[in-house]
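Thanks for coming. I will take a few minutes to walk through one chain, and you can follow along on the screen.

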Amino acid sequence: TLEITEGETKTITASVNPSETEVTWESSNKQVATVSNGTVTAVAAGSATITATAGDKTATCEVTVKAATIAVTGVTLSSTTLDLTVGGENGSLTATVIPSNATDQNITWASSAPNVATVSNGIVTAVAAGTADITATVGGKTATCIVTVKPSIAITATPESIAAGSNISLSAAVTGGTATSYTWTIAAKEGTLPTICGTDGTATVSTTGATPGTYTVTLKVMINNKEYTVTKDISVK
């Protein structure tokens with residue numbers, strides 16, 4: 001018996017009596033292994049029987065060829081940066097192994113901050129505001145994508161449109177972080193502006209005496225020591 005790896009050669013010696021007898025060599029499967037004067041060359045993974053014939057006598061060797069191991073030289077990701085919002089669409093990363101025919105194709109995914117973003121088979125899910133490194137590792141090689149997660153901030157206006165003289169209630173819903181401060185403002189416009197009052201997640205817009213038109217409410221929220229800004233249009237008739 002003989003075990004050999006693709007691309008390798010090994011020599012089998014035939015002992016013949018009488019020694020001057022001519023020996024011929026043959027392989028049962030030349031797609032797997034070839035033989036010449038006892039030198040066996042591995043062609044592809046599989047098995048073959050090598051036969052030595054001298055006169056009417058034969059001897060055989062069962063050859064098993066193992067696939068050659070092709071080392072991973074690198075890995076790349078489809079994106080090196082990714083911006084996500086909590087509650088929004090998931091991100092998708094594709095890892096490419098170099099070379100493409102490397103023996104090891106088993107990619108391991110990991111997140112440096114699972115409390116910010118998780119990853120499973122290249123699908124990245126935003127959890128909370130912050131940053132996380134998503135890594136793909138194969139064959140000792142690693143590629144990284146920096147993921148930035150923004151919180152989800154939504155303003156609700158009740159109602160969104162109202163006749164001058166009434167109030168509009170505003171509320172902010174924050175997902176993916178803890179807000180530590182809220183700053184409400186309303187866009188400038190010619191004529192008389194509505195007034196706005198609010199220092200936390202709620203505010204009231206007074207439209208008494210306001211000039212009819214569309215106004216933009218801006219909310220700045222401090223979350224995890226970073227400021228985020230969202231807007232909402234309201235209408236005064």
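In what order do the four strands of the open sheet with mixed pairing, the one that includes strand 1, run? The order is 1-7-6-3. Before I go on, please keep in mind that this is a predicted model.

At the edges of that sheet are strand 1, residues 2-5, and strand 3, residues 24-27, and each of these pairs on one side only. On average, neighbouring strands here are turned by 25 degrees against each other, direction ignored. In the middle of the order, strand 6 covers residues 46-54 and strand 7 covers residues 57-66, and the two pair in the antiparallel sense over nine bridges. As a register marker, Thr-51 stands opposite Thr-60 in strand 7.

Let me step back to the whole chain. How many helices and strands does the protein chain have? There are zero helices and 24 strands. A compact globule of 237 residues would have a radius of gyration near 18 Å, whereas this chain has 36 Å. The C-alpha trace spans about 120 × 30 × 20 Å along its principal axes. Of the 237 residues, 34% are buried. The chain exposes about 13100 Å², and carbon and sulfur atoms supply 47% of that area. If you take contacts between residues at least 6 apart in sequence, 52% of them join residues at least 24 apart.

Back to the N-terminal part, and strand 5, residues 39-42. Which of its side chains are buried? Val-40 and Ala-42 point to one face and are buried, while Thr-39 and Thr-41 point to the other face and are not. Strand 5 runs antiparallel to strand 2, residues 9-11, with three bridges joining them. Strand 5 also runs antiparallel to strand 4, residues 33-36, this time with four bridges. Val-40 appears in both pairings: it is the bridge partner of Lys-10 and also of Val-35. Strands 4 and 5 make a hairpin with two residues between them, and Asn-37 in the turn has a positive phi of about 55 degrees.

Next, a second open sheet. Four strands form it in the order 9-16-15-12, again with mixed pairing. Why is one side of strand 9 and of strand 12 left without a neighbour in the sheet? Strand 9 and strand 12, the latter at 108-111, stand at the edges with a single partner strand each, so one side of each has no neighbour there. Neighbouring strands in this sheet are turned by 25 degrees against each other on average, direction ignored. Strand 15 and strand 16 run antiparallel and are joined by nine bridges, with Thr-131 having Thr-148 in strand 16 as its bridge partner.

Now the packing. The largest nonpolar core has 25 residues, and Trp-109, Val-124 and Val-147 touch the most other members. Several strands supply at least two residues each to this core, among them strand 8 (74-77), strand 14 (123-126) and strand 16 (141-150). The contacts of Val-124, leaving out residues up to four places away in sequence, include Leu-82, Leu-93, Ile-134 and Val-147. There is also a second, separate core of 23 residues, which includes Ile-162, Ile-186, Ala-203 and Tyr-215.

One threonine is worth a look. Thr-218 lies in strand 23, residues 213-223. Is Thr-218 buried or exposed? Its relative accessibility is 18%, and the cut-off for buried is under 20%, so Thr-218 counts as buried. Beyond four places in sequence, Thr-218 touches Thr-183, Trp-184, Thr-185, Thr-229, Val-230 and Thr-231.

Last, some backbone details to check in your own viewer. The peptide bond from Asn-17 to Pro-18 is cis, with omega near 5 degrees, and Pro-18 sits in the loop between strand 2 and strand 3. Another cis peptide bond joins Ile-98 and Pro-99, with omega about -10 degrees; Pro-99 is in the loop between strand 11 and strand 12.

On positive phi, Asn-121 is near 50 degrees and lies in the loop between strand 13 and strand 14. Asn-121 counts as exposed because its relative accessibility is 67%. Asn-224 also has a phi near 50 degrees, in the loop between strand 23 and strand 24. At 46% relative accessibility, Asn-224 counts as partly exposed.

That is where I will stop.

How values were computed. Residues numbered from 1 in each chain as written. Predicted model: local features only at pLDDT ≥ 70, side-chain atom pairs only at ≥ 80, totals over all residues. Heavy atoms only, no water. Pairing = 2+ DSSP bridges. Axes fitted to C-alpha atoms, helices over the stretch in contact; angles between N-to-C directions. Rg over C-alpha atoms; globule rule 2.2 N^0.38 Å. Buried < 20%, exposed > 50% of the residue type's maximum accessible area, 1.4 Å probe, protein only. Contact = heavy atoms within 4.5 Å. Areas by Shrake-Rupley, 256 points an atom, 1.4 Å probe, with all protein chains shown as cover. Core = buried A, V, L, I, M, F, W, Y, C linked by side-chain atoms within 4.5 Å.
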